[in-house]
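User: Please take a close look at the aromatic rings and how they are placed relative to one another. I would like one connected account, with the cut-offs behind each term.

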Amino acid sequence: MRLFTSVFASFIALAASGAVWAHEFWIDPLSYQVQPGTPIEAKLIVGQEFNGSSYPYRPSQIARFDLVAGDTVTEVKARIGDNPALNMEAPAEGLIVVVHETEDSRLTYTEFAKFEKFVAHKDFEDAIAQHDARGISREKFTESYRRYAKALIGVGDAQGADVPVGMKTEIVALANPYTDDLTQMPVQVLLDGAPRADAQVELFERNAQDEVTVTLHRTDGNGKARVPVKKGHSYLVDAVVAEALPNDDPEQGPVWKTHWAALTFAVPE
């Protein structure tokens, strides 16, 4: 319980400082390929540039946590404080898609420059003009945010395909990294189940020495992009969208909401 308290307190401290909102959230498997009958384990990570800190299983912060194997959906079972948050036997052999959706969280901005830096980084700079046109104060306002993460884990023969799982926004892998010979991974970004065209996709590539390279890509008219991949490397694909909430009064609650989609996978040697 001491470990849980310490880790969760650190997570809350990050949230209070605004750091979490500017950081990615992803599912980090301890192994991307396992044998049948072997537990699959994965951490929930908040960080930057594909490096960060894990936080434990806490059901009050989770809207959804499932393992998807074809048409079979299995809810992840864990105990409060478990870290890794996922540690259970795979429901089947093949490609397992780990799905995690957080509950909403909030962040209050008191420095507009931080908001400007964030929207520039995530490529929705028109949010600044919208913010001012709505007459919202730059001095203090609140954001609401929610995370939608997926991870691909190969069990045994790893046969199968990623599919849309019905989240507000998500990234779907259009190839299987454990069975297909890839130099590029085709992905599709969805928003409300529809392709998200001309969206920025951020790719984090980590090699065996834990060195990380970051590149930016864009989706086409069908919400699709092809990101370069290499054997022996692991990947985080990230796409963020912001929406203006109906409320324009910071005193009454959040005025913006961001939705974060993430997909992690590895390409075997």
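Analyst: A good place to begin is F265, whose relative accessible area of 0% makes this residue buried (under 20%, calculated with a 1.4 Å probe on the protein chains only). The model is a predicted one, in which local features need pLDDT of at least 70 and side-chain atom pairs count only at pLDDT 80 or more, whereas totals for chains, interfaces and linings use all residues. Residues are numbered from 1 along each chain as its sequence is written, and side-chain values rest on heavy atoms, with hydrogens and water left out.

Turning to the pairs, the structure holds 12 aromatic pairs (ring centres of Phe, Tyr or the six-membered ring of Trp within 6.5 Å; stacked when the planes are under 30 degrees apart, edge-to-face when over 60, and tilted for the rest). One of them joins F25 and Y55, and because their ring centres lie 6.0 Å apart with the planes at 45°, the pair is tilted. Since F25 belongs to strand β1 (residues 24–29) and Y55 to strand β4 (residues 51–55), this contact ties together parts that are 30 residues apart in sequence (strands being DSSP runs of E with at least two residues, numbered from the N terminus). On the side of β1, F25 counts as buried at 4% relative accessibility, and its partner Y55 is likewise buried, with a relative accessible area of 7%.

The pair that includes F265 has another geometry: the ring centres of Y235 and F265 are 5.4 Å apart and their planes meet at 25°, so these rings are stacked. Y235 lies in strand β17 and F265 in strand β18 (residues 256–267), so here too the pair links parts that are 30 residues apart in sequence. With a relative accessibility of 0%, Y235 counts as buried, as does F265, also at 0%.

Beyond these two pairs, Y109, F112, F115, F141 and W256 come together as one aromatic cluster.

Aromatic rings here also meet charged side chains. The charged end of R147 sits over the ring of W260, at 4.3 Å from its centre (the criterion being NZ of Lys or CZ of Arg within 6 Å of the ring centre and within 35 degrees of the ring normal). In a second such arrangement, R206 lies over the face of F50, and the distance to the ring centre is 3.9 Å.

Definitions and conventions
Helix = DSSP H or I, 4+ residues; strand = E, 2+ residues; numbered from the N terminus. Buried < 20%, exposed > 50% of the residue type's maximum accessible area, 1.4 Å probe, protein only.
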